[in-house]
Amino acid sequence: MVDKLFASKAMSEEEFNAQLRSERAQKAAPHGMVMTHPPSGPSRSLQEVLREHQQDFAAENASDRAAPEPKEINRKYQNIAVSLIDANPLAPREIYTPQMIRERAEALRTQGQHDPIHVIPNPDEPKRFIICDGWTRVQACRDHQVMHELLAEVHEGMSLEESAWFGYQQNEERQQHCDLDRAMFYERLIATGESAAEVSRRAGISKSQMTFYRSYSRLPSEVMDIIRESPDRFGATVAYHLERLCQNAGKRKAVALAARYAEENRPRSWLIAQVQGLIEAPAPRRPSSAKQIRFANGFYKQRDDSFEVNIKVDPAKRDAFAQALEALLATVGEAVAD
């Protein structure tokens, strides 16, 4: 029973004790004796056995009554019009698909609201609120006209950053984010001045994992557009290797590979192998060009970028040839450093 009661992470020790007492109280008091072991030791009368049993039962009830009651938790709840709830600029979730919002609207329409959303007062606009957790439900109500207001728990005194972390933890425990959600959330926090090391510590991830998540922010917009179409396929590892490809082989190859990976439903190992091959592929070699002209008094050779002239010139033409050749060499020749 203890394991069952502690299955919920949200249950405190005091709440556990309260539930344990409640379950004990619901059990009917025994109306007789059940022999679980053969009697042993000196014989006792039935009256002695019953008296001992009654004393034990009374002591157990007294112990229950002496246990402290759980402390009251002051919480503020109120119904809030969805039109008065603003998005969180540090929102932990990046992707809200039309299907996701439509399904939540249908659930609200058929089942009603099970749990309150969580908000903080908007510090810049009195009587308005900023969402901490429950933005999908707010959008569902707005887009599909399901409910005009939602029950909300108002967290007064909670900062914007704390509200974002609150929503992040709620989502991770209820319906985990995709890697793109996490990466964009981390980048928003870093943009406010929080260090990447502190964000990784609070998120419970290693510094090397943070490096992978930050790869999204270095990808070109063309690649990010493809990722947003299929965010579950483009995890942080895939983003990291696409960013490597972009840096080492250019944006065009990264965009082409990302599109092919999404369209052909290839495994992640295939993409990693493709990236490695494209990065390590040698540069294409230009075909070598060679040319040779022979004369009765010498020859002229060209091989790729090298030229060679070996020719005997008639003395009457030597000076003119030398001047013409020197003028030509001056157009390509590079001065020797002192």
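Patches here are built from residues with over 30% relative accessible area and no salt bridge, with like charges joined within 9 Å and nonpolar side chains (Val, Leu, Ile, Met, Phe, Trp, Tyr) within 5 Å. A salt bridge puts a side-chain nitrogen of Lys or Arg within 4 Å of a carboxyl oxygen of Asp or Glu. The model is predicted, so local features need pLDDT of at least 70 and side-chain atom pairs pLDDT 80 or more, while totals for chains, interfaces and linings use all residues. Numbering runs from 1 along each chain as its sequence is written, and side-chain values use heavy atoms, without hydrogens and water.

**Exercise 1.** Work out which element gives the largest share of the nonpolar patch.

*Solution.*
- Start with the members: Ile-293, Phe-295, Val-309, Ile-311, Phe-321, Leu-325, Leu-328, Leu-329 and Val-332 make a nonpolar surface patch of about 770 Å² (Shrake-Rupley, 1.4 Å probe).
- Next, map them: β6 (290-295), β8 (306-311) and α14 (315-329) each give two or more residues.
- So who wins? α14, with four residues.
- Val-332 sits in the segment after α14, and counts as exposed (over 50% relative accessible area) because its relative accessibility is 62%.

**Exercise 2.** Find out where the buried residues of α13 lie around its axis.

*Solution.*
- List the buried ones (under 20% relative accessible area): Trp-270, Leu-271 and Val-275.
- Look down the axis: these residues fall within an arc of 135° (directions from the axis to the C-beta atoms), so they line one face of α13.
- Check the neighbours: they pack against α11 (236-249) and α12 (251-263).
- Flip to the other side, and Ser-269 and Glu-280 are exposed.

Terms used: Buried < 20%, exposed > 50% of the residue type's maximum accessible area, 1.4 Å probe, protein only. Contact = heavy atoms within 4.5 Å.
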